[in-house]
Amino acid sequence: MSSLDTGKTTSTSGPAGAVEKVAQKVLPSVVQINVKGSSESGSGTGIIISSDGEILTNNHVVEVAGNSGTLTVAFNDGTNAQATVIGADPLTDLAVIKAKGKSGLSPATLGSSANLKVGQEVVAIGSPFGLESTVTSGIISALNRPVTSSSASSDSQSTTFPAVQTDAAINPGNSGGALVNTRGEVIGINTAIASESGQSAGVAFATPANTVVWAARGIISGRPLVRGYLGVVITALESEVAQRC
């Protein structure tokens, strides 16, 4: 008997796997952020952190708007809302915005990044190339990778933080989106990629959740984010010195 001759139809939904369950849980908490500034426009991703419209994203996503631009948030249910910036921290490349006129939203569950393991399965949710509600999966490839973030408006404002490296597919537009574990807890905010001609090279980096929570609390409260700073500057060696081995 051929399977083409059975004449029977079956459900297209098999048993829910880990990624499917994560997507069902987290998608309502992830938004697309469309930004328009005086000279450029673009889009990124954010995660809802309060039921009344507070949204966490990357600073470099909202920075495009400047002082006179606009922010529009597209929610998973198909609705849209204008938004304003509550505050930002260029040194962690994080920002919090507030969507206007929203209530009853589903905040994401923020987990801990303290006990992450290399090889652990993760799911990335965001809007690569403007394709909202895109879900990809992979693993944690490495921990504590030194990644430098900088303000788009000032190269002097930069910091290096220990990032979570993942091979989950992340591309331009995923910035500010969620990197979650198989319980649907956000363990990082997707921030940077290693790219080839602007395309993902399969190496991406997320700001760890513990750093994200610390920075977001400071941004929302308006208090200064106090950091320690070690005044060490790294410079290139002269070629004749670098050749000595």
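**Exercise 1. Contacts of Gln165**

Task: Find which residues Gln165 is in contact with, leaving aside its neighbours within four places in sequence.

Solution.
Step 1. Work on the predicted model shown above. Locate the residue: Gln165 sits in strand S10, residues 154-166.
Step 2. List the partners. Gln165 is in contact with Ile139, Ile140, Ser141, Ala142, Arg145, Val203, Ala204 and Phe205.
Step 3. Look for a polar contact among side chains. The side chains of Gln165 and Arg145 are joined by one of 2.6 Å.
Step 4. Classify the burial. The relative accessible area of Gln165 is 12%. The cut-off for buried is under 20%. Gln165 is therefore buried.

**Exercise 2. Asn34 and its surroundings**

Task: Decide whether Asn34 is buried, partly exposed or exposed, and describe its contacts.

Solution.
Step 1. Place the residue. Asn34 belongs to strand S1, which covers residues 30-36.
Step 2. Read the accessibility. Asn34 has 27% relative accessibility, so the residue counts as partly exposed. The class runs between the 20% and 50% limits.
Step 3. Collect the contacts. Beyond residues up to four places away in sequence, Asn34 touches Gly42, Ser43, Thr70, Leu71 and Thr72.
Step 4. Check the side chain. The side chain of Asn34 makes a polar contact of 2.8 Å with the side chain of Gln32.
Step 5. Take a C-alpha distance. Asn34 and Gln82 lie 9.6 Å apart in space, with their positions 48 residues apart in sequence.

**Exercise 3. Thr136 across the chain**

Task: Determine what the side chain of Thr136 pairs with, and how its C-alpha atom lies relative to that of Val19.

Solution.
Step 1. Assign the element. Thr136 lies in strand S9.
Step 2. Go through the contacts. Aside from neighbours within four places in sequence, Thr136 is in contact with Val122, Val123, Ala124, Ala168 and Ala169.
Step 3. Single out Ala169. Its backbone oxygen is 2.9 Å from a polar atom of the Thr136 side chain.
Step 4. Compute the C-alpha separation. Thr136 and Val19 are 117 residues apart along the chain, and their C-alpha atoms are separated by 8.5 Å.

**Exercise 4. Two positive phi angles**

Task: For Asp93 and Asn144, give phi, and say whether each residue is buried or exposed.

Solution.
Step 1. Start with Asp93. Phi is near 55 degrees, a positive value in a residue other than glycine.
Step 2. Find its place. Asp93 falls in the loop between strand S5 (80-89) and strand S6 (94-99).
Step 3. Assess its burial. Asp93 has a relative accessible area of 4%, so the residue is buried.
Step 4. Turn to Asn144. Phi of Asn144 is near 60 degrees, again positive and not in a glycine.
Step 5. Find its place. Asn144 is in strand S9, residues 134-151.
Step 6. Assess its exposure. At a relative accessible area of 58%, Asn144 is exposed. The cut-off for exposed is over 50%.

**Exercise 5. Asn59 and the loop residue**

Task: Identify which residues Asn59 touches, and look for Asp93 in the list.

Solution.
Step 1. Asn59 lies in helix H2.
Step 2. Its relative accessibility is 6%, so Asn59 counts as buried.
Step 3. Not counting residues up to four places away in sequence, Asn59 touches Ala88, Asp89, Pro90, Asp93, Leu94 and Ala95.
Step 4. Asp93 is in the list. That residue lies in the S5-S6 loop.

**Exercise 6. Empty space**

Task: Describe the largest cavity and the second largest pocket.

Solution.
Step 1. Search the whole structure. One cavity of 30 Å³ or more turns up.
Step 2. Take the volume. The largest cavity holds about 40 Å³ of space.
Step 3. Name the lining. The residues are Val30, Val31, Gln32, Ala74, Phe75, Asn76, Gly126, Ser127, Glu132 and Ser133.
Step 4. Sort by element. S1 gives the largest share of this lining, three residues.
Step 5. Follow Phe75, one of the lining residues. Lys102 lies over the face of Phe75, 4.6 Å from the ring centre.
Step 6. Move to the second largest pocket, with a volume of about 260 Å³. It is lined by 19 residues; Ser43, His60, Pro172, Gly173 and Ser175 lie nearest its centre.
Step 7. Sort that lining too. Strand S2 (41-48), helix H2 (59-62) and strand S12 (185-196) are the elements that give two or more residues.

**Exercise 7. Whole-chain totals**

Task: State how many helices and strands the chain has, and what share of its residues is buried.

Solution.
Step 1. Count elements: four helices and 13 strands.
Step 2. Of the 245 residues in the chain, 41% are buried.
Step 3. Take contacts with a separation of 6 or more. Residues 24 or more positions apart account for 60% of them.
Step 4. Check for aromatic pairs. The structure holds zero.

Conventions. Residues are numbered from 1 along each chain as its sequence is written. This is a predicted model: local features need pLDDT of at least 70, side-chain atom pairs count only at pLDDT 80 or more; totals for chains, interfaces and linings use all residues. Side-chain values use heavy atoms; hydrogens and water are left out. Buried means under 20% relative accessible area, exposed over 50%, partly exposed in between (1.4 Å probe, protein chains only). Contact means heavy atoms within 4.5 Å. A polar contact is a pair of N or O atoms within 3.5 Å; within protein, one must be able to donate a hydrogen and the other to accept it, and residues adjacent in sequence count only if both atoms are side-chain atoms. Rings of Phe, Tyr and Trp (its six-membered ring) pair if their centres lie within 6.5 Å; planes under 30 degrees apart count as stacked, over 60 as edge-to-face and the rest as tilted. A charge sits over a ring if NZ of Lys or CZ of Arg is within 6 Å of the ring centre and within 35 degrees of the ring normal. On a 1 Å grid over the protein atoms alone, a cavity is a set of points where a 1.4 Å probe fits but cannot get out, and a pocket is an open set with protein on both sides within 12 Å along at least five of seven lines; lining residues have an atom within 4 Å of a point. Grid points are joined across faces, edges and corners, and a volume is the space filled by probe spheres set on the points.
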